[in-house]
Amino acid sequence: MPIVVLKLPDVKVYAENRPRRCPSCKGEILQRWGGSMRTIRDHRVKEALVYRYRCTRCRHTFRHYPEGIDQAQQSQRLRKLAAICWTLGLSHRGIAAIFAIFGVGIAPMTAWRDVQEEAQQLRRRRIWKPVRVIGLDGAYVLGWGEKRPVLVAVDLGEGKPVAIGYVDEHNPDAVRRWLEPIVKRLGVSVIVTDDLLTYRGVAEKLGLEHQVCQFHVRRWVGKALHELQESLPQEWWWVLEEIKHLVAELPPEGGRHLFELWKQIPERRMGQEGVRSPLEQLRNLLIRMSEHWTSYRVFDWQKDVPWTNNGTEQIIGKMKVRSRTVRGYKTKSGMLAGLMLAGSGVC
Ligand SMILES: [Zn+2]
């Protein structure tokens, strides 16, 4: 596990600067208008001095908070720490127990709110940031005693999740409905996925470039070739070698090459009902790979596109680890927000 550097906000007892401008009218002439001591929940700072100011132009009065403090009773540092403890695997009750050791009393429900707030902030920070390439993958996470399908979208540039939803990746309409607003909002132009048929259709409908994870392709093609080696007449084994070579090299003209191979294999009528002969299976493999060839090698001419969907799988791994130990989610949206936070890591 990598060493984690925790960046926590500083917390000050009093503000070191005066406010520059009125938050309401941007006026610059401000009068101090009294102040008061506030009780703060934090492991070090227990009280803070908060001044009020009054704008001479619009007469608006407002509080000017010291660094790390706002209208909430907990310091920003403590809230952040609660969220970090949670992503590292503590329960809300566990967080409250740890804080109690440092003389800070909070209720488990407060820890839950802190986690949700951090997830919200994460969402706000991400929402307007354009993302050109996203990875998509489905997973099952535990919640309320059952496994539920979720779909996760990951910014493959930064390696951070950008969206998660209760969507079954095997349902093309559901995937498209969920993905379309994300694509529009973030300006996505490429998706990276495994070789599931759903994603092909969705990429086409939404006008996206599509890179298929080459680990997946190598796995299923390797398996298919292995099976054909067992059943195919030896005179055709050279075709298997050609395919193996093409998958390893991924040349630009590979799709054409596969198509030429396909034409060389005689078409046979099916033997028994529904049973494909090995030669027929080889033909299917060739035509399928030929048609999909462009989606195997987008990474070759678009430098920010990875050739596998590993980045997405790693983030889903983090989410799964967290979801296994979570008890007592209050809401379904809260669970998704928590998983986003877990997938984002602590820093
Ligand atoms: Zn003003």
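## A guided tour, starting at Phe62

Select Phe62 to begin: with a relative accessible area of 10%, Phe62 is buried. Keep in mind as you go that this is a predicted model.

**Stop 1: the partner of Phe62.** Add Tyr53 to the selection. Tyr53 and Phe62 form a stacked aromatic pair, 6.2 Å centre to centre and with 25° between the planes. Tyr53 counts as buried too, at 2% relative accessibility. The structure holds five aromatic pairs, and we will meet others later on.

**Stop 2: the zinc site.** Now select the zinc ion together with Cys22, Cys25, Cys55 and Cys58. The SG atoms of these residues coordinate the ion at 2.3 to 2.4 Å. Try the angle tool here: the four donor atoms subtend angles of 103 to 114° around the zinc ion, so the arrangement is tetrahedral. Along the sequence, the donor residues follow the spacing C-x2-C-x29-C-x2-C. Colour Cys25 and Cys58 next. Cys25 lies in the segment before strand S1 (30-39), while Cys58 is in the loop between strand S2 (47-55) and strand S3 (61-64), so the pair ties together parts that are 33 residues apart in sequence. Is Cys58 buried or exposed? Neither label fits, because its 32% relative accessibility makes Cys58 partly exposed.

**Stop 3: strand S4 and its neighbours.** Select residues 133-143, which make up strand S4. Nine of its eleven residues are buried, so the strand is largely enclosed by the rest of the structure. Show strand S5 (residues 146-155) as well: S4 and S5 run antiparallel, joined by ten bridges. One place to zoom in is Tyr140, whose bridge partner in S5 is Pro149. Then bring in strand S7 (residues 190-193), which pairs with S4 in the parallel sense over three bridges. There, Ile134 has Ile191 of S7 as its bridge partner.

**Stop 4: charges over rings.** Pick Arg148 and Tyr166. The charged end of Arg148 sits over the Tyr166 ring, 5.0 Å from its centre. For another example, go to Trp86: Arg322 lies over its face, at 4.4 Å from the ring centre.

**Stop 5: back to the aromatics.** Select helix H9 (residues 278-296), which contains both Trp293 and Tyr296, three residues apart, about one turn of the helix. Both of these residues are buried. How are the rings of Trp293 and Tyr296 arranged? They form an edge-to-face aromatic pair, 5.6 Å centre to centre with 65° between the planes. Finish with Phe215, Phe299 and Trp307, which ring pairs link into a cluster.

Conventions: Residues numbered from 1 in each chain as written. Predicted model: local features only at pLDDT ≥ 70, side-chain atom pairs only at ≥ 80, totals over all residues. Heavy atoms only, no water. Buried < 20%, exposed > 50% of the residue type's maximum accessible area, 1.4 Å probe, protein only. Helix = DSSP H or I, 4+ residues; strand = E, 2+ residues; numbered from the N terminus. Pairing = 2+ DSSP bridges. Phe/Tyr/Trp six-rings, centres within 6.5 Å; stacked < 30°, edge-to-face > 60°. Lys NZ or Arg CZ within 6 Å of the ring centre and 35° of its normal. Donors = N, O, S within 2.8 Å, 3.2 Å for Na, K, Ca; no water. Tetrahedral: all angles 85-135°; square planar, octahedral: opposite > 155°, others 65-115°.
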